[in-house]
Amino acid sequence: MDFNLTNEQELLRDGLTKFLGVRYDLEKSRRAAKTGTGWQPDIWRGFATELGILGATLPEDVGGIGGGPIELMVITEALGHALVVEPYVETVVVAGGLLHRAGGAVATSLLEEIVAGNAIAALAATEPASADRWQDVSTRAERDGDGWVLNGRKLMAVAAPLAGHLLVTASTPDADGISLFLVDVGAAGIEMHSYRTIDDRRAADIAFNDVRLPAEALLGEQGQAWSSLSRARDEGAAAICSEAVGCMRKVLADTVEYCKQRQQFGQPIGRFQVLQHRMVDMYMELEQSVAAVYLAILNLDADEATRARAVSAGKATVGRAARFIGQQAVQLHGGMGMTEELAIGHYFKRLTAIQYEFGTTDHHIARYAELTKT
């Protein structure tokens, strides 16, 4: 198997890395996340107009480039290395994938706006009863003439406060299975409680109270959304695993550099063998994660069972590594590791959050065990 990037993929990686190195300042992004709107719209526009990454993995008929899983890996690892908070995974990977598979004029129009950098979309699928099971849906959409009336609650919809459109899962009375609806955040009857997460993202708990939707709000076939949702969740999980690799590369590099500079007993602490062993263990966890991400990414287009096994193996491996590398980095930095002044503390928070997104580490271990039963 060839693990080398093509020339085009290398150009994509190098261009994005250079853009983020010059334009994406960590202090500025944290300030925007904590006291501003939660993101930097000018950076998002740059992603669209200067780099084209918002359409890199989306089809050409909506203005995209038509790239695949490798392009997704290249982009998300670079975003993780720079600790980007803008909602690329939520809007392009998850919502973009759902819209593309749903098809239709409404979905196509929104995809074109996403590629152009003019629209943010977010999925609202998690419900109070179960954070790990998107298929447990109590939100309901009832027929109302040619349209629909939506009622229910969703929790922890990441990027919803930034979005103009929500993709909402619901059950319908005249069809088994899950349906997917496109909802304008400005629609009457929506109550959104927004908050900042520990890793400086924006999320919301949302209540839908007799929200009236037009007929075209239904995306795809009624009751047939689960297959696409399952794939979207696996794609999102693989994407944040790749993001975590970028985070862990940065954390390990910063930790090694700090241990070269920090003096104790008249010499750099990096000369102490016990600390060298810790950093080697961090490196080994990182390399295992890189291999696990390749496994997940390269199987995104495989059959459902193969894809699910690969993604769960990757998510479980990365979840373990993120915890280990993050904790070791903080400890080797001492008390400074958790301060706002150092980047390490911010990366540690993101690595902690990744362990719970798109299914916890324990959830994916259990799913992998179930999928590999003989």
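## Strands, salt bridges and a domain contact

Let's begin inside a sheet, where Met 192 stands opposite Ile 206 in β7. This is a predicted model, and the pairing around these residues is a handy way into it.

Met 192 belongs to strand β6, which covers residues 190-196 and runs antiparallel to strand β7, residues 202-213, over seven bridges. Five residues lie between the two strands of this hairpin, and Asp 200 there takes a positive phi near 70°. If you like to check backbone torsions, that one is easy to look up in the structure above.

Strand β7 also pairs with strand β3 (residues 147-158), again in the antiparallel sense, with eight bridges between them. Which residue of β7 is the bridge partner of Ala 157? That partner is Ala 204. Ala 204 is likewise the bridge partner of Ser 194.

Here are the two strand pairings side by side:

| Strand pair | Sense | Bridges |
|---|---|---|
| β6 (residues 190-196) and β7 (residues 202-213) | antiparallel | seven bridges |
| β3 (residues 147-158) and β7 | antiparallel | eight bridges |

Now let's step back to the whole chain. The protein is split into domain 1 (7-119), domain 2 (122-223) and domain 3 (226-371). Taken over C-alpha atoms, the centres of domain 2 and domain 3 are 31 Å apart. How many residues do these two domains bring into contact? Domain 2 contributes 13 residues and domain 3 contributes 14. Between them, about 1,100 Å² of area is buried, with carbon and sulfur atoms giving 62% of it.

Charged and polar pairs also join these two domains. Two salt bridges are counted between domain 2 and domain 3, and there are two residue pairs in polar contact as well. On the side of domain 2 that touches domain 3, the residues divide into six nonpolar, two polar and five charged. Arg 201 forms a salt bridge with Glu 243, and their closest N and O atoms are 3.1 Å apart. As a general point, side chains of opposite charge can pair when their charged atoms come close.

Across the structure there are 24 salt bridges. One of particular interest for chain topology joins the side chains of Arg 101 and Glu 235, at 3.5 Å from N to O. Arg 101 sits in helix α5 (residues 88-102) and Glu 235 in helix α7 (residues 226-261), so this pair ties together parts that are 134 residues apart in sequence.

Finally, a look at Phe 348, which lies in helix α10 (residues 343-354). What does Phe 348 contact, leaving aside its neighbours within four places in sequence? The contacts are Gly 326, Gln 327, Val 330 and Met 338. For a sense of distance, Phe 348 and Thr 17 are 331 residues apart in sequence and 21 Å apart in space, C-alpha to C-alpha.

Conventions
Residues numbered from 1 in each chain as written. Predicted model: local features only at pLDDT ≥ 70, side-chain atom pairs only at ≥ 80, totals over all residues. Heavy atoms only, no water. Domains from an automatic or database assignment. Contact = heavy atoms within 4.5 Å. Buried area = accessible area lost by both parts, 1.4 Å probe. Salt bridge = Lys/Arg side-chain N within 4 Å of Asp/Glu carboxyl O. Polar contact = N/O pair within 3.5 Å; in protein donor to acceptor, adjacent residues only side chain to side chain. Nonpolar A, V, L, I, M, F, W, Y, C, P; charged D, E, K, R; others polar. Pairing = 2+ DSSP bridges. Helix = DSSP H or I, 4+ residues; strand = E, 2+ residues; numbered from the N terminus.
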